[in-house]
Every structure is written in structure tokens, then in C-alpha cells.
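The following exercises concern the chain displayed below. Each sets a task and then works through a solution in steps.

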Amino acid sequence: STVWLAADSDQDCLEWKDLLSIAASRRRSQSDIWLDVARHRSMLPALSQTSPDCRGYLNQLIGGSWMRNMLVLLDGCMYVYSDQEQESTTGVIFLHGYKAQSGNIGGKRHAFEMIPTDPNLKHFYFHAQTETEKKRWLAALEYSIDRWMR
């Protein structure tokens, strides 16, 4: 949509345009920095992500089927790869505002769910091969999300 503004003089108009431009560029750079970081990281191979909070294979419920994916957790973002050899991600899940909760999902014993605080956002479901692996992921998710939110 278009917003029309009026000024009392050409000088006022120029001042307002300059100030609005400065404000817009500052806001854009602050809000988009994490999108730019995630975009850059999404182009890296799974094993090239440095110092992740967690990395490994999990099964993710996608369209009613469990799919095994290589996942890299870093700064509250989950980078999804089909395998560790893949050159770039198949997707990125922004987990800011999500909470990890253990549960029995789809009959899977070592499952957990990512629950959003906003009811309009999507839930994500995962399961690990072992209870130890599930606990490792749950601890890493809590750490990664909490650290980013501070």
C-alpha cells in the first residue's frame, strides 16, 4: 500500500525524506541481520558449519512421513540437510520463540516436539534413534534458543 505525506515547504520535504530514509535503513539492517546470517549459513555444507550447538541425524515428520535428515543447530536456527554431504540446506527452521518438549509422537519412543509460542506457527516433530540422543538434542535446543533470546 502507498502512504502519501505532505510537508509545508520543499526544505521540510527534503528533511523528512532524509530522516525517513535513515530510519528505514537502520531498521532494515537491524531486523534483517539474522536473516542475512541464516542465508549465508544455509549455503554452507553441513560439516562446514563451525561450532554448532548440535549436529546429527534426526527423523523429522514431514507430510505424514518420517524423513531422516542431517540437522545442524546454531544460534536458535535448525539447518536441514538431506545428508551430511549436501552442499547447501534444504531448509532452515527459525526456532526463536519455540520450546522443545519430549513426547510419544506417532508411536515413536524417542520423539520430541518443537512448540511455538504463537498458535499460528507450525509445530515441528522429530525423533532420535536413542533416548541419549534425544536428551542431547533437547538440551542443545534449550541452550541454543535461550542463549539467542538473551
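Two strands are taken as paired if DSSP finds at least two bridges between them. The model is a predicted one.

**Exercise 1. State the order of the secondary-structure elements and the extent of burial in the chain.**

Solution. Begin with the inventory: the chain contains two helices and seven strands. Read from the N terminus, these elements follow the order α-β-β-β-β-β-β-β-α. Next, turn to burial: of the 150 residues, 32% are buried. The chain exposes about 9,900 Å², and 53% of this area is supplied by carbon and sulfur atoms. Finally, consider contacts with a separation of 6 or more: 44% of them link residues 24 or more positions apart.

**Exercise 2. Describe how E1 is joined to E2 and to E7.**

Solution. First, count the bridges to E2: there are nine, and the two strands run antiparallel. Within the E2 pairing, Gly56 lies opposite Leu71. Then examine the hairpin of E1 and E2: two residues separate the strands, and Gly63 adopts a positive phi near 60 degrees. Last, take E7: two bridges join this strand to E1, again in an antiparallel arrangement. Asn59 has His127 of E7 as its bridge partner.

**Exercise 3. Characterise the hairpin of E5 and E6, and determine whether Ile105 is buried or exposed.**

Solution. Start with the pairing: strand E5 (residues 98-105) and E6 run antiparallel and are joined by seven bridges. Two residues lie between these strands, and Gly106 in the turn shows a positive phi of about 60 degrees. Ile105 belongs to strand E5 and stands opposite Lys108 in E6. Now apply the cut-off: a residue is buried under 20% relative accessible area. Ile105 has a relative accessibility of 13% and therefore counts as buried. To see its surroundings, set aside residues up to four places away in sequence: Ile105 then touches Trp66, Ala111, Phe112, Glu113 and Tyr125. The C-alpha atoms of Ile105 and Phe126 are 8.4 Å apart, with the two residues 21 positions from each other along the chain.

**Exercise 4. Identify the elements that build the largest nonpolar core, and place Phe126 within it.**

Solution. The largest nonpolar core comprises 19 residues; Leu73, Met78, Leu95, Phe112, Met114, Phe126 and Trp137 have the most contacts inside it. At least two residues each come from strands E1 (54-62), E2 (65-74), E3 (77-81), E6 (108-116) and E7 (124-127), and from helix H2 (131-149). H2 gives the largest share, five residues. For Phe126, leave out neighbours within four places in sequence: its contacts include Leu58, Trp66, Leu71, Met78, Ile93, Phe112 and Met114. Asn59, Gln60 and His110 are also among the residues in contact with Phe126. A second, separate core has eight residues, among them Ala38, Ala46, Tyr79 and Tyr81. As a general point, nonpolar side chains in soluble globular proteins tend to be buried together.

**Exercise 5. Explain why Leu20 is classed as partly exposed, and name the surface patch to which Leu20 contributes.**

Solution. Locate the residue first: Leu20 is in helix H1 (residues 10-42). The partly exposed class lies between the buried limit of 20% and the exposed limit of 50%. Leu20 is placed in this class because its relative accessible area is 43%. Together with Leu5 and Trp16, Leu20 makes a nonpolar surface patch of about 380 Å².

Note on methods. Residues numbered from 1 in each chain as written. Predicted model: local features only at pLDDT ≥ 70, side-chain atom pairs only at ≥ 80, totals over all residues. Heavy atoms only, no water. Patch = residues over 30% accessible without salt bridge, like charges linked within 9 Å, V, L, I, M, F, W, Y side chains within 5 Å. Areas by Shrake-Rupley, 256 points an atom, 1.4 Å probe, with all protein chains shown as cover. Salt bridge = Lys/Arg side-chain N within 4 Å of Asp/Glu carboxyl O. Helix = DSSP H or I, 4+ residues; strand = E, 2+ residues; numbered from the N terminus. Buried < 20%, exposed > 50% of the residue type's maximum accessible area, 1.4 Å probe, protein only. Core = buried A, V, L, I, M, F, W, Y, C linked by side-chain atoms within 4.5 Å. Contact = heavy atoms within 4.5 Å.
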